[in-house]
Amino acid sequence: MMQATLRSTDEVGKSIKELRGNRSQEEIAAALGCTKMAISQYETGIRMPNDKMKVAIANFFGVTVGSLFFTQG
């Protein structure tokens, strides 16, 4: 049976930055109801979003929580 493992904050941060593309951190923060600083900290791997924010980020970018925050294996 495969087990899901939480990805590192660095891996998650890189994925969020890639998904953000050319949109500003301010734009993403406004859409998610958080601060630009929070988005910056997620992208640089300083901190991991809480569970509610994980769902909001995944929904905003149209990806699953599992694909963004977990690895299978």
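These exercises walk through the salt bridges, packing and helices of the structure above, each with a worked solution.

Before starting, note that this is a predicted model, in which local features need pLDDT of at least 70 and side-chain atom pairs count only at pLDDT 80 or more, while totals for chains, interfaces and linings use all residues. Residues are numbered from 1 along each chain as its sequence is written, and side-chain values use heavy atoms, with hydrogens and water left out.

**Exercise 1. Find the salt bridges**

Task: How many salt bridges does the structure hold, and which side chains meet in them?

Solution:

Step 1. Begin with the criterion: a salt bridge is a side-chain nitrogen of Lys or Arg within 4 Å of a carboxyl oxygen of Asp or Glu. The structure holds two of them.

Step 2. One joins the side chains of Glu43 and Arg20, at 2.5 Å from N to O. Glu43 belongs to helix H3 (residues 36–43) and Arg20 to helix H1 (residues 9–20), so this pair ties together parts that are 23 residues apart in sequence. Helices here are DSSP runs of H or I with at least four residues, numbered from the N terminus.

Step 3. Now check accessibility, where buried means under 20% relative accessible area, exposed over 50%, and partly exposed in between (1.4 Å probe, protein chains only). Glu43 is buried at 8%, and Arg20 is buried at 12%.

Step 4. The other salt bridge brings together the side chains of Asp51 and Lys54, at 3.5 Å from N to O. These two sit three residues apart in helix H4 (residues 51–61), about one helical turn from each other. Asp51 is exposed, at 57% relative accessibility, whereas Lys54 is buried, at 9%.

**Exercise 2. Look around Arg20 and Lys54**

Task: Which residues does Arg20 touch beyond four places in sequence, and over the face of which residue does Lys54 lie?

Solution:

Step 1. Contact means heavy atoms within 4.5 Å. Not counting residues up to four places away in sequence, Arg20 touches Gln25, Ile28, Glu43 and Phe61.

Step 2. For a longer-range view, take Phe60: Arg20 and Phe60 are 40 residues apart in sequence, with their C-alpha atoms 10.0 Å apart in space.

Step 3. Turn to Lys54, which lies over the face of Phe69, at 5.7 Å from the ring centre. The test for a charge over a ring is NZ of Lys or CZ of Arg within 6 Å of the ring centre and within 35 degrees of the ring normal.

**Exercise 3. Classify the aromatic pair**

Task: Why is the pair of Phe60 and Phe61 edge-to-face?

Solution:

Step 1. Rings of Phe, Tyr and Trp (its six-membered ring) pair if their centres lie within 6.5 Å; planes under 30 degrees apart count as stacked, over 60 as edge-to-face and the rest as tilted. The structure holds one aromatic pair.

Step 2. The ring centres of Phe60 and Phe61 are 5.0 Å apart and their planes stand at 80 degrees, so the pair is edge-to-face.

Step 3. Phe60 is partly exposed at 31%, and Phe61 is buried at 13%.

**Exercise 4. Map the nonpolar core**

Task: Which residues of the largest nonpolar core touch the most other members, and which elements give two or more residues to this core?

Solution:

Step 1. A nonpolar core is a set of buried Ala, Val, Leu, Ile, Met, Phe, Trp, Tyr and Cys residues joined through side-chain atoms within 4.5 Å. Of the 13 residues in the largest one, Ile16, Leu32, Ile39, Tyr42 and Ile57 touch the most other members. The elements that contribute two or more residues are H1, helix H2 (25–32), H3, H4 and helix H5 (65–69).

Step 2. Ile39 is buried, with a relative accessible area of 1%. Beyond four places in sequence, Ile39 touches Gln25, Ile28, Ala29, Leu32 and Cys34.

Step 3. With neighbours within four places likewise set aside, the contacts of Tyr42 include Thr9, Gly13, Ile16, Met53 and Ile57.

**Exercise 5. Read the buried side of H2**

Task: Where on H2 do its buried residues fall?

Solution:

Step 1. List them: Gln25, Ile28, Ala29 and Leu32.

Step 2. Seen down the axis of H2, these buried residues fall within an arc of 100 degrees, so they line one face of the helix. The arc is that of the directions from the helix axis to the C-beta atoms.

Step 3. H1, H3 and H4 are among what covers them. Just after H2, Gly33 takes a positive phi of about 75 degrees.
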